Amino acid sequence: MAEQARVPALRRAAVVLQRISESDRPMTLSELTQRTGLPKSSVMGICHALTDEGLLARGVDGTYALGSRLYELASAARSHGLAIGDIGFSYPVDESFFVAEIAALRAEADRLGARLHVHAAREDRRTQSRQIEDFVSAGVDFILVEPVATDGLEEACAKARAARIPVVAIGSAVSGADAVVATDNTKAGFLAGSALVATLGGRGRVAVVGGIPITANSDRIAGFLAAIAPHPQVEVVATSHGELDAKSGRRAATEILAANPAVDGFFAANDQIAIGISRVLRSRRRSVPIVGVDGARNAVEEIRSGGPIVATATQDPAALVRAAMDIGITLHGGGHVARPSRYLAPTLVDARNAAEYQPWG
């Protein structure tokens, strides 16, 4: 009888985790109540307990997503599954975020006793396409791709599929890939945009600096624009495109300020672009707030020291890698992935919590 009394609680927790895993975005308490059919008080208690254990993560807006500990458990389970010999990873360039991902990948590969093959595409889609084809020729077990572009890799992905080698995109979608693991970039842009609106007091002229042609950047910009839309006195007066580094941020800021010297704030699609913008503003002794996306160490250090970067919406490179590895191993073993598109919840880092946040990089 005691065993029967414990089972329902476990089953209810499992149902909550399953419903969140099936969703393409974090879920509210009301949505979970509706989809599980459980009393709201029960769902609330389960979510609080799972969050305390790290199995769920609660966003600043009260939504729930799968937590980092769940991915750690999945990683441990993988080590007991089908042997993995070789993993291929293609990424754009040696920028800090990708370096952090590579470190996490090496740790995962070591745990599995697998060989990791890493190649930088130098922001060139033809090079990345060729690297994927080389991985296919080498007969790796699965391929992970941090894309230089969302489109243009379809032929290479088709060759991988014909060879029954799964391709999992990390960070941004790839046309032709079998799955994608990314941050909820629309939400990240929204969090950053909301922070800039608050900093400006709901009015001001802002500039938007995007990144390379991947869905992650377009989604971040869409989220930013959604955040400022209810504030008609916040006006976008300039747009530009950076790449993946501070140099491109310096270039974009210089061009924007030459045409619009009275800009009141900047949104940067990633923190390295934000760092570049910050250097230009510092050199001109301009106090103009910047918000970005990534949660990188150098951006967080600026937030802690008082700007110009005032907020960043976080990404977790290690969690992205663990989730992508989980999917890659499952697909390699012939398993079915209920949710081939996984989006991890970002959080906002600003002056209120920057001291406690542990940045990557």
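In which sense, parallel or antiparallel, do strand β3 and strand β5 pair, and over how many bridges? In this predicted model, β3 (residues 86-91) and β5 (residues 142-145) run in the parallel sense and share four bridges. One residue pair to look for here is G88 with its bridge partner I143 in β5. Helix α5 (residues 96-112) packs on the sheet to which these strands belong, with contacts to β3, β4, β5 and β6 (167-170), and its direction lies at about 165 degrees to that of β4.

The sheet as a whole is open and has six strands in the order β4-β3-β5-β6-β7-β13, with parallel pairing. Its edges are formed by β4 (115-120) and β13 (341-344); each has a single partner strand, so one side of each is left without a neighbour in the sheet. On average, and with direction ignored, neighbouring strands are turned by 15 degrees against each other. Helix α13 (residues 317-332) lies across β3, β5, β6, β7 (179-183) and β13, at about 170 degrees to β7.

A further open sheet of six strands follows the order β9-β8-β10-β11-β12-β14, here with mixed pairing. Because β9 (234-241) and β14 (348-350) stand at the edges with a single partner strand each, one side of each has no neighbour in the sheet. The average turn between neighbouring strands is 20 degrees, direction ignored. Within this sheet, β11 (residues 290-294) and β12 (residues 309-314) pair in the parallel sense over five bridges, and I290 stands opposite I309 in β12. Helix α9 (residues 215-228) packs on the sheet and touches β8, β9, β10 and β11, its direction making about 170 degrees with that of β8.

Methods:
Residues numbered from 1 in each chain as written. Predicted model: local features only at pLDDT ≥ 70, side-chain atom pairs only at ≥ 80, totals over all residues. Heavy atoms only, no water. Pairing = 2+ DSSP bridges. Helix = DSSP H or I, 4+ residues; strand = E, 2+ residues; numbered from the N terminus. Axes fitted to C-alpha atoms, helices over the stretch in contact; angles between N-to-C directions. Contact = heavy atoms within 4.5 Å.
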